[in-house]
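Please open the structure in a viewer and keep the selection panel at hand. The stops below are meant to be followed in order.

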Amino acid sequence: MHLVELSLNNFRNFKRLDLPLTPNITILVGKNAQGKTNILESIVYTCTGRSHRTSLDREVIRFGEDFAYIRAIVEKSIGNNKVEIGLSKSKSKMVNINGTSVKRLGELMGHINGVVFSPDDLSLIKGAPSERRKFLDMEISQIRPNYFYALQKYNRVLSQRNNLLKDIQKRPSMKKGLGVWSEQLSDAGAQIIWERNRFLRKLRIVSAKVHKTLTFGNEKLDIIYRPSIEQKGDIEETKKHFLEVLDSTEAMDIERGITQRGCHRDDMLFSIDNIDTRTYGSQGQQRTVVLSLKLAEIEIMKNMTGEMPILLLDDVFSELDEYRKKMLLDSIGDVQAIITTTNIDDVSALDEKSYLVYRVESGNVWRQG
Ligand SMILES: Nc1ncnc2c1ncn2[C@@H]1O[C@H](COP(=O)(O)OP(=O)(O)OP(=O)(O)O)[C@@H](O)[C@H]1O
Ligand SMILES: [Mg+2]
């Protein structure tokens with residue numbers, strides 16, 4: 001798939017932008033703080049309905065304005081799609097697909113698929129478990145809308161259960177209402193555990209293969225899912241087990257006013273030759289693992305959806321050595337890529353490919369060369 005055109009209205013520092021894109025490579029070049037990443041961020045919105053940088057929609061609305069608008073036209077093997085997103089300071093998010101407003105954000109998933117590479121990706125290895133869960137959620141949601149629905153339900157129920165736990169501290173008689181939330185949490189939770197397992201099984205195989213190539217066969221990458229609550233024989237059994245765990249921690253949950261076990265505590269571990277990369281990996285190894293994961297994602301998305309995702313490369317070339325740069329470029333192949341850089345020389349390796357260059361300056365964009 002590829003984006004044909006992106007239009008913005010009052011998104012971040014863009015008052016108005018109409019950007020035609022090529023099916024090949026588009027380079028956005030400009031000094032720091034001019035709006036390059038903002039453009040990629042707006043494309044992420046069209047993929048997932050949210051930003052990869054902030055969880056607050058209001059942050060991306062242009063200062064002094066009340067409403068932001070993003071429109072993308074995407075061409076796929078099965079035809080064109082128009083995706084429109086409206087963000088308002090006072091109203092809820094509006095999503096339109098081919099002119100029809102959709103009620104549930106999950107309906108947006110799968111219309112436009114993107115894989116983002118950014119310098120912040122290292123936090124996938126070095127950061128808190130929440131960073132790794134964010135990665136899982138963003139990737140799986142794009143290919144499995146049901147995962148997204150389960151996740152939304154899980155988060156809603158979790159916050160309700162946590163509120164009730166705090167209320168029970170003050171009024172113990174309210175404890176009888178807890179069972180309903182625990183039941184619903186287990187139901188959504190079991191689905192999430194199964195989907196995470198399913199995705200990670202694929203990611204484990206594909207990323208190990210990519211990593212082997214990236215390290216000339218020297219390193220063996222492995223991914224180990226560390227669920228807070230284990231998967232059991234089937235979804236029903238997993239749900240039962242989830243509920244048992246919640247029952248066993250109930251007294252402590254009430255004491256602390258928070259649900260201590262569940263998908264919101266899942267983690268995963270990346271190991272190279274059986275050694276944890278987070279603790280023992282060198283900076284270069286960690287970067288390579290991230291690259292392996294991202295390149296694997298492209299392949300998985302393609303396999304699961306039948307379409308190549310769009311690559312959004314945010315200032316990543318300056319940090320890669322020549323070999324890794326080449327691997328990344330090779331993976332671009334005939335995929336659409338939108339690349340930001342402060343220095344056009346960093347992407348000189350692209351010379352053999354056809355690309356379009358735009359200069360970005362204070363929220364204005366114009367074509368160069
Ligand atoms: N809601 C907003 N309204 C207006 N301007 C905003 C808003 N949010 C961010 N900005 C502006 O956007 C600019 C940052 O844009 P962006 O992150 O895209 O920069 P960049 O070109 O990617 O820079 P770098 O090369 O440093 O990564 C800053 O000047 C910031 O003030
Ligand atoms: Mg940037």
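Which residues have the most contacts inside the largest nonpolar core? In this predicted model, select Ile 43, Tyr 154, Leu 312 and Ile 338, which hold that position in a core of 90 residues. The core draws at least three residues from each of domain 1 (1–113 + 307–369) and domain 2 (122–305). As a general background, nonpolar side chains tend to be buried together in soluble globular proteins.

**Leu 312 and its surroundings**

Centre the view on Leu 312. Leaving aside neighbours within four places in sequence, Leu 312 is in contact with Leu 40, Ile 43, Val 44, Gly 114, Val 115, Val 116, Phe 117 and Ile 338. Two of the residues named for the core, Ile 43 and Ile 338, are among these contacts. Leu 312 also has Ile 338 as its bridge partner in strand 13.

**Strand 13**

Next, select residues 337–341, which make up strand 13. Is this strand enclosed or open to its surroundings? Five of its five residues are buried, so strand 13 is largely enclosed by the rest of the structure. Rotate the view to inspect the two faces: Ala 337, Ile 339 and Thr 341 lie on one side, Ile 338 and Thr 340 lie on the other, and all are buried.

Now add the partner strands. Strand 3 (residues 25–29) pairs with strand 13 in the parallel sense over five bridges. Strand 12 (residues 310–314) also pairs with strand 13 in the parallel sense, over four bridges. Ile 338 is a convenient residue to label here, being the bridge partner of Thr 26 and of Leu 312.

**The two domains**

Colour the chain by its domain assignment, which gives domain 1 (1–113 + 307–369) and domain 2 (122–305). Their C-alpha centres lie 27 Å apart. How many residues of each domain are in contact with the other? The count is 15 residues of domain 1 with 16 residues of domain 2. On the side of domain 1 that touches domain 2, helix 1 and helix 10 (322–332) each supply at least two residues. Helix 10 provides the largest share of that side, four residues. By class, the residues of this side divide into six nonpolar, six polar and three charged.

**Ligand 1**

Select ligand 1 and display its shell of 18 residues, of which the closest are Asn 13, Asn 32, Lys 36, Thr 37 and Asn 38. Helix 1 (residues 36–48) contributes the largest share of this shell, three residues. The shell comprises four nonpolar, nine polar and five charged residues.

**An open sheet**

Move on to strands 9, 10 and 11, which form an open sheet in the order 9-10-11 with antiparallel pairing. Strand 9 (221–226) and strand 11 (275–276) stand at the edges with a single partner strand each, so one side of each is left without a neighbour in the sheet. Strand 9 and strand 10 (residues 267–272) pair over six bridges. To locate one of these pairs, select Arg 226, whose bridge partner in strand 10 is Asp 267.

**Two loop asparagines**

Which phi value does Asn 274, in the loop between strand 10 and strand 11, adopt? Its phi is positive, about 70°, although Asn 274 is not a glycine. Most residues other than glycine have a negative phi. Asn 274 is exposed, with 7 other C-beta atoms within 10 Å.

Finally, select Asn 98, in the loop between strand 6 (94–97) and strand 7 (100–102). Asn 98 has a positive phi near 50° and is exposed, with 12 other C-beta atoms within 10 Å.

Conventions. Residues are numbered from 1 along each chain as its sequence is written. Chains are lettered from A and ligands numbered from 1 in the order in which they are written. This is a predicted model: local features need pLDDT of at least 70, side-chain atom pairs count only at pLDDT 80 or more; totals for chains, interfaces and linings use all residues. A residue is near a molecule or strand if its C-beta atom, placed from the backbone, lies within 6 Å of it. Ala, Val, Leu, Ile, Met, Phe, Trp, Tyr, Cys and Pro count as nonpolar, Asp, Glu, Lys and Arg as charged, and the others, Gly among them, as polar. A nonpolar core is a set of buried Ala, Val, Leu, Ile, Met, Phe, Trp, Tyr and Cys residues joined through C-beta atoms within 7 Å. A residue is buried if 20 or more other C-beta atoms lie within 10 Å of its own, exposed if 12 or fewer, and partly exposed in between; C-beta atoms are placed from the backbone. Domain bounds come from an automatic or database domain assignment. Two residues are in contact if their C-beta atoms, placed from the backbone, lie within 7 Å. Two strands pair if DSSP finds at least two bridges between them.
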